[in-house]
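Student: Please give me a close look at one part of this model, with the definitions behind each term. I should also like to know how that part is placed within the whole.

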Amino acid sequence: MGRSSDAFDYQGILTHEFGHLTGLADNFVLDFTKEVQTMYGYASPTSKVVNGVYYIESYQLRSIEADDIAGKNALWN
Ligand SMILES: [Zn+2]
């Protein structure tokens, strides 16, 4: 199954929503020097900029990054 340009990526979105279930909030700071954190709050089927807000492609939320782990550890350790 390939990626469609007009569909959200379920794996990416579910990974992000699972982060909310563990207590993490959306992160609205995008650091272009790193991989996109799963908890970044703006995603869309395709990357785009709207009113100065950068929307990443939703599949980029699939992988869990260092900032996500740090947030989880702060809440649960
Ligand atoms: Zn969210």
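Tutor: The answer begins with the whole chain, passes to the sheet, and then turns to one residue and its surroundings.

This is a predicted model, in which local features need pLDDT of at least 70 and side-chain atom pairs count only at pLDDT 80 or more, whereas totals for chains, interfaces and linings use all residues. Residues are numbered from 1 along each chain as its sequence is written, and side-chain values use heavy atoms, with hydrogens and water left out.

The protein chain holds two helices and three strands; both kinds of element are DSSP runs numbered from the N terminus, helices being H or I over at least four residues and strands E over at least two. Read from the N terminus, the order of the elements is α-β-β-β-α. The radius of gyration is 12 Å, close to the 11 Å that the globule rule gives for 77 residues, so the protein chain is as compact as a globular protein of that length. That radius is taken over C-alpha atoms, and the rule is 2.2 Å times the number of residues to the power 0.38. The C-alpha trace spans about 40 × 30 × 20 Å along its principal axes. Of the 77 residues, 29% count as buried, where buried means under 20% relative accessible area, exposed over 50%, and partly exposed in between, for a 1.4 Å probe and protein chains only.

The three strands form an open sheet of mixed pairing in the order S1-S3-S2. S1 and S2 are the edge strands, each pairing on one side only. Two strands are said to pair if DSSP finds at least two bridges between them. S1 (residues 43-44) is parallel to S3 (residues 53-57), with two bridges, and Ala43 stands opposite Ile56. S2 (residues 48-50) and S3 run antiparallel and are joined by three bridges; here Val49 faces Tyr54. These two strands form a hairpin with two residues between them. Asn51, in the loop between S2 and S3, has a positive phi of about 50 degrees although it is not a glycine. With 78% relative accessibility, Asn51 is exposed.

The sheet also contributes to the interior. Ala43 and Ile56 belong to the largest nonpolar core, whose six residues also include Leu30, Val36, Tyr40 and Leu61. Such a core is a set of buried Ala, Val, Leu, Ile, Met, Phe, Trp, Tyr and Cys residues joined through side-chain atoms within 4.5 Å. Neighbours within four places in sequence aside, Ala43 is in contact with Phe8, Tyr55, Ile56, Ser58 and Leu61; contact means heavy atoms within 4.5 Å.

The part chosen for the close look is Asp68, which lies in helix H2 (residues 66-76). Is this residue buried or exposed? Asp68 is buried, at a relative accessible area of 6%. Its side chain reaches the backbone nitrogen of Glu65 at 2.8 Å, a polar contact being a pair of N or O atoms within 3.5 Å; within protein, one must be able to donate a hydrogen and the other to accept it, and residues adjacent in sequence count only if both atoms are side-chain atoms. Apart from neighbours within four places in sequence, Asp68 is in contact with Leu24, Gln37, Thr38, Met39 and Ser63. The C-alpha atoms of Asp68 and Gly19 are 8.2 Å apart, although 49 residues separate the two along the chain.

One of these contacts, Thr38, lies in the loop between helix H1 (10-21) and S1. Thr38 is buried as well, with 2% relative accessibility. A polar atom of its side chain lies 3.0 Å from the backbone oxygen of Leu61, and Leu61 is itself one of the six core residues. Beyond residues up to four places away in sequence, Thr38 touches Thr15, His16, Leu61, Arg62, Ser63, Ile64 and Asp68.

His16, in turn, leads to the metal site. The zinc ion is coordinated at 2.0 Å by His16 (NE2), His20 (NE2) and Asp26 (OD), and these donors follow the spacing H-x3-H-x5-D. Donors are N, O and S atoms within 2.8 Å of the metal, or 3.2 Å for Na, K and Ca; water is not among the atoms, so sites may look incomplete. His20 is partly exposed at 28% relative accessible area, as is Asp26 at 31%.
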